[in-house]
Amino acid sequence: MMQPPLNKGITLAQYSPWVWHVSLDGKHAGTVSGDRVVGFTARDIHYHSIGRGYVSAEAAMQAWVPVMDSHR
């Protein structure tokens, strides 16, 4: 299931029930994983955490906004 872009070229595609792939301007940037019980974690392409404890996968996607801004 592909979601429409939420912010600044960021898209989210569900890979499995607990993992989503995050893309920035069409390029794979990392993942979001988790659930509503333990929270969601955003990780970069190298699996380094860039944020955790988010209440939803969509909220975790916003962790990429500063990352994307630094690459523009």
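How many helices and strands are there in the protein? The protein contains 2 helices and 5 strands, here described from a predicted model. Read from the N terminus, its elements follow the order β-β-β-β-β-α-α. The protein has 72 residues, of which 35% are buried.

**Overall surface and contacts**

- The accessible surface of the protein amounts to about 4,500 Å².
- Carbon and sulfur atoms account for 58% of that accessible surface.
- Of the contacts between residues at least 6 apart in sequence, 25% link residues at least 24 apart.

**Nonpolar core**

- The largest nonpolar core comprises 15 residues.
- Within this core, the residues with the most contacts are Ile10, Leu12, Val22, Val32 and Trp64.
- At least two residues of the core come from each of strand E1 (10-16), strand E2 (19-24), strand E3 (27-35) and strand E4 (39-44).
- Helix H1 (57-61) and helix H2 (64-70) likewise each contribute at least two residues to the core.
- Val32, one of the residues with the most contacts inside the core, touches Leu12, Trp18, Val19, Trp20, Val22, Phe40, Thr41, Ala42, Ala57, Ala60, Met61 and Trp64, when residues up to four places away in sequence are not counted.
- The contacts of Val32 thus include Leu12, Val22 and Trp64, which are themselves among the core residues with the most contacts.

**Pairing of E1 and E2**

- Strands E1 and E2 run antiparallel and are joined by 6 bridges.
- The two strands form a hairpin, with 2 residues between E1 and E2.
- Ile10 stands opposite Leu24 of E2, and Ile10 is also among the residues with the most contacts inside the largest nonpolar core.

**Ser23 in strand E2**

- Ser23 is located in strand E2.
- Because its relative accessible area is 16%, which falls under the 20% cut-off, Ser23 counts as buried.
- Leaving aside residues up to four places away in sequence, Ser23 touches Gly9, Ile10, Thr11, His28 and Ala29.
- Ile10 therefore appears in the contact list of Ser23, given that contact means heavy atoms within 4.5 Å.

**Aromatic rings**

- A search of the whole structure yields 1 aromatic pair.
- The ring of Tyr47 has the charged end of Arg43 over it, at 4.3 Å from the ring centre.

Methods. Residues numbered from 1 in each chain as written. Predicted model: local features only at pLDDT ≥ 70, side-chain atom pairs only at ≥ 80, totals over all residues. Heavy atoms only, no water. Core = buried A, V, L, I, M, F, W, Y, C linked by side-chain atoms within 4.5 Å. Buried < 20%, exposed > 50% of the residue type's maximum accessible area, 1.4 Å probe, protein only. Helix = DSSP H or I, 4+ residues; strand = E, 2+ residues; numbered from the N terminus. Areas by Shrake-Rupley, 256 points an atom, 1.4 Å probe, with all protein chains shown as cover. Pairing = 2+ DSSP bridges. Phe/Tyr/Trp six-rings, centres within 6.5 Å; stacked < 30°, edge-to-face > 60°. Lys NZ or Arg CZ within 6 Å of the ring centre and 35° of its normal.
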